[in-house]
Amino acid sequence: MKGIFPTGKFKNLQTPFYFYDTELLRETIRTAVAEAAKYNYHIHYAVKANANPQILGIIRESGLGADCVSGGEIQAALNAGFPADKIVFAGVGKADREINLGLDNDIFCFNAESIPELEVINELAESKGKTARVALRINPEVDAHTHHHITTGTKENKFGINLDQLDAVLDTLQSLASVRLIGLHFHIGSQLTEMEPFRMLCSRVNELQQKLADRNIRVEHINFGGGLGIDYDHPDEQLIPDFKEYFELFHTHFPAYPDQQIHFEPGRSIVGQCGSLISKVLYVKEGSVKKFVILDAGFTELIRPALYDAHHEIENLSSEEPGEIYDVVGPICESSDCFAKQIELNKTDRGDLIAIRSAGAYGEIMASQYNCRRLPEAYFSDLL
Ligand code: LLP
């Protein structure tokens, strides 16, 4: 099954470009917000998934907060109108100027990942006469069973405070007068397609709450991070991820204290399916053992297949002819510039338009200008 695209309107647009179905984006956000609202859960959209200003604008209109991992993302969120008190700032390496930007704007919370970072936040806050709200990013040592490049919650990862170091961190916090501990933060990985790791995360957080209670600490906020996966294999069968099952799981397995606020940071599940990379076929090249479809888009526009061996569905929007088997590749001078090997496409010719699906998350934002290529335009279904 092919997705539905306004191909007539694509004719005069220079390829490659990103195409966003804004109706689907709005519907996805509505669903996520409605399911989270059942339990009074808060959603901070993970800006790293897609920071296109139009996309951020739509997300901000829906009342979501923003999860940022750099000063640039904080600025992008502020520019898009996200209120500072709905911005959280995570990241294992926050530069002083980025911390200062967060402090100057009174953002909601810094998710801190180490003792030296807490000390720097404390020092910078103190020099401004402010108190920084911090959540400790804990590495829960839960294996997310996803690609090793996007697993974050195991002991070997650089992320978060390890469980056996928590006591030392809590001791240090007592001596830091300009930071106030308001929460715990977790993120076990991205593109999780099974619910089991999230259930394990809940039980780990329950244990931790108990551990904190033993020290008479009761945090107001728990942030479970992001990670809910999308269906890259059958985008049209599940355009909107199962937010119902996802939030219900946390409600069932994590009994929050009364008044405790629960937060999530979904990125991919919000924007992944609404975006496609649209490209034109430059050449169909018959090798001695294979046929190559050579596109005008490469890993400069969508790096996920090259970087993570990720699968994205590919469709020929211009052909209804019987299928043939091709390798679909880009023009970049590297062998890894390959979107798919030995896949079936309707018979393909020079000039055909190709859609690479599920490119809304970590597509445009990870684009590069390697080979001196220009960054592509983005078009929106409601503005074409
Ligand atoms: N919160 C934190 C602390 C994160 O590190 C991430 C993603 C998220 C939230 C959002 O996760 P999501 O809901 O999107 O899974 N470039 C990779 C994904 C890297 C994800 C990094 N962290 C990819 O293309 O698959």
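How many nonpolar, polar and charged residues are in the lining of the largest cavity? By class, that lining has five nonpolar, five polar and no charged residues. Please keep in mind that this is a predicted model.

**The cavity**

The structure contains one cavity of 30 Å³ or more, and the largest cavity holds about 50 Å³ of space. Its lining is made up of Val 88, Phe 108, Cys 109, Asn 111, Ala 135, Gly 183, Leu 184, His 221, Asn 223 and His 263. Strand 5 (109-112), strand 8 (179-185) and strand 9 (221-223) are the elements that each supply two or more residues to this lining.

**The ligand site**

Now to the ligand, which has 19 residues around it. Ser 190, Glu 265, Arg 304, Tyr 308 and Tyr 362 come nearest. In the shell around the ligand, six residues are nonpolar, seven are polar and six are charged.

Three polar contacts to the ligand can be set side by side:

| Residue | Protein atom | Ligand atom | Distance |
|---|---|---|---|
| Arg 268 | backbone N or O | oxygen | 2.8 Å |
| Tyr 308 | polar side-chain atom | nitrogen | 2.7 Å |
| Tyr 362 | side-chain N or O | oxygen | 2.6 Å |

On its own, the ligand has 580 Å² of accessible area, and the protein covers 92% of that. Tyr 308 and Tyr 362 are among the residues that come nearest to the ligand; the contact from Tyr 308 goes to a ligand nitrogen, while the contact from Tyr 362 goes to a ligand oxygen. For Arg 268, the atom at 2.8 Å from a ligand oxygen belongs to the backbone.

Definitions and conventions: Residues numbered from 1 in each chain as written. Predicted model: local features only at pLDDT ≥ 70, side-chain atom pairs only at ≥ 80, totals over all residues. Heavy atoms only, no water. 1 Å grid on protein atoms, 1.4 Å probe; cavity = no way out; pocket = protein on both sides within 12 Å on 5 of 7 lines; lining within 4 Å. Points joined across faces, edges and corners; volume = space filled by probe spheres on them. Helix = DSSP H or I, 4+ residues; strand = E, 2+ residues; numbered from the N terminus. Nonpolar A, V, L, I, M, F, W, Y, C, P; charged D, E, K, R; others polar. Near = heavy atom within 4 Å. Polar contact = N/O pair within 3.5 Å; in protein donor to acceptor, adjacent residues only side chain to side chain. Areas by Shrake-Rupley, 256 points an atom, 1.4 Å probe, with all protein chains shown as cover.
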